[in-house]
Structure formats: C-alpha cells, structure tokens
Amino acid sequence: MSETLQNTNTTTAAASDEAILEVIERLALDAGRAVMEVFHSEIKVTDKADASPVTQADRAAERVILEGLRAAFPDVPCVAEEEVAEGIVPPELGQVFFLVDPLDGTKEFVRRHTDFTVNIALIRGGAPEIGVVYAPCTGRFFSGRPGKAVAFEARDGLAVSERRRVHVREGRQPLTIVASRSHRTPETDAFIKKVAAAEIVSVGSSLKFCLVAAGEADIYPRFGRTMEWDTAAGDAVLRAAGGITHTLDGAPLVYGKRNQADDEDFANPHFVSTGRILDPAFMF
C-alpha cells in the first residue's frame, strides 16, 4: 500500500483513496479512545515552548496515529504537531505527506468542553485531498476524499450509525458564519459585520470546517494564528464536500509551506472557508 500511496497524485483511483481512508479512519478512532481515557481521568497540563498547552492525551493520541501511519505507509513523511514541537520534522516532504493534529482544541479539552477533535490528513501537491475529523466526546465523525465526503456517528472507537453523504449548501442570505469559540479577533468581528443578517455559530476545533462541509453553515473566517495541522483534515473534508478554503488574496490555501520569509514553517495566513456562496465579492 505504501508504494501505491507514494506514487499517487490527484488522479488516484477511488479504490486507492478508500484504502487510505480505511487506515486513517481506524487510527482516528483508536486515537479517540486514547483521548477519552484521559478525559475521564486526571488531565495533566504542561506548556510547550510557545506557551500553548499540551496534555498526556495529545501525546498518547499522536503516538497511536504515527505508529499506525508509519507501519502502513513507511515511505510517506508525517508532520505531527507534538513531534514538531520537539524539533522532529522530516527533512524533505515531497509531493505526498501526512499532517496530524492528535488533539485539536486542547484548551477545550482541558476545560472539559466537548468539541475537541482528532485530525489526520493526506496532502498531495500542496492540497489536502484525504482527511478525517473525529470528535470523540460527541461521536461526530467526518471523512473526505476527492469527490466524496461523509459523516457518521462513532462511540468507543466503533461506528454506530450509517454513513451519509454531506455536501456544502448553496449560501443564501441570511448566511450562517461559524466562528472560533476561543480565538475571536477584531478582524473576525469586522468581517462578520460585512455579512448582512448573518447568523453566528460558535464552535471549537476543526469542526468549523465540517459544519460548512455538512451544509450547517456557509462561511468560516479565520483571522487568527493557525498551523497546517490545525486545518488540513477539516479543509480536506470541506473540499471533498464541494467547498474551498481561500487566503485573503483569493488563492486556495496550500500546505507544506516551509522557509517562509515572514513566518515559521507550516504557519497559515488568514483564510476564509466557504460552501457555495452566491455573492462572494464581499469576502476578498
């Protein structure tokens, strides 16, 4: 399987993509179990060098995911949040690599809110093409590959509902904007004011992308700090559902950004994620 993955591109056969999804879905479910074991016990929080929090759940989930990815796809580089924090970064990424955020929404997790997620994405040629987002506390699971996005419910590491296709909706006023619960900025508020009669939904973690992907919201603007592992899996689900993530100059958000003149490796610029917006002129 690893040879097939390493040599694929955007024309990968659906069967190959399904095989990749099968692996990363299973790993997300396994990682979710590891996260919930900590959630239901004592959460020990320490600060990383950038002052962001990390818990034993982040590390346990990342270990589960990376061991599984490296066993299944030994030739494909993995970029994972906690390894990067420790200075472990692949020297070369090539055209195909994984991005892993084992626990997106650590602050929500520590506060024992419920919308933290496990995120795994495959990047091809700078685009997030395959991804899974799993919220183990609520059971929501989103999965996407080129041309197909699905949602289902999962509990205790097992799927408990039928898969259903999800699609972005055709945005008509009043539009629904999904915004960060913990990272609202003045720029975000200014953007929201430009959207007439908008309904605002606040939620944490990469579920914001998934609400747009599932047609539960129309726009997700982000004018705060994010890294590629924060966004790749949700962005993959959104693109599979017919949406897109743009930078503020209107170009699609790309992944694998290194040696940036004005920022560190894998840092994202501000962006706006949307479904099918009939009048997108106000966004850029």
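Arg145 is buried, with a relative accessible area of 12%, where buried means under 20% relative accessible area, exposed over 50% and partly exposed in between (1.4 Å probe, protein chains only). The model is predicted, so local features need pLDDT of at least 70 and side-chain atom pairs count only at pLDDT 80 or more, while totals for chains, interfaces and linings use all residues. Residues are numbered from 1 along each chain as its sequence is written, and side-chain values use heavy atoms, with hydrogens and water left out.

The structure contains 15 salt bridges, a salt bridge being a side-chain nitrogen of Lys or Arg within 4 Å of a carboxyl oxygen of Asp or Glu. One of them joins the side chains of Arg145 and Glu18, at 2.9 Å from N to O. Arg145 belongs to strand 7 (residues 140-145) and Glu18 to helix 2 (residues 14-39), so this pair ties together parts that are 127 residues apart in sequence. Helices (H or I, at least four residues) and strands (E, at least two) are DSSP runs, numbered from the N terminus. Unlike the buried Arg145, Glu18 is partly exposed, with a relative accessible area of 33%.

Helix 2 also contributes Glu25, and the loop between strand 9 (158-159) and strand 10 (164-165) contributes Arg163, so a second pair ties together parts that are 138 residues apart in sequence. The side chains of Glu25 and Arg163 form a salt bridge of 2.6 Å, N to O. Within this pair, Glu25 is buried at a relative accessible area of 9%, whereas Arg163 is partly exposed at 47%.

A further salt bridge, of 2.7 Å from N to O, connects the side chains of Asp263 and Arg225. Asp263 is located in the loop between strand 15 (244-247) and strand 16 (271-274), and Arg225 in the loop between strand 14 (219-222) and helix 8 (228-240); the pair thus links distant parts of the chain, 38 residues apart. Both residues are partly exposed, Asp263 at 29% relative accessibility and Arg225 at 44%. In addition, Asp17, Arg124 and Glu129 are joined into one network by salt bridges that share partners.

The loop between strand 15 and strand 16 also holds Asn259 and Phe266. Asn259, a residue other than glycine, has a positive phi near 55°. Phe266 is likewise not a glycine, and its phi is positive at about 70°. Their accessibilities fall in opposite classes: Asn259 is exposed, at 72% relative accessibility, but Phe266 is buried, with a relative accessible area of 1%.
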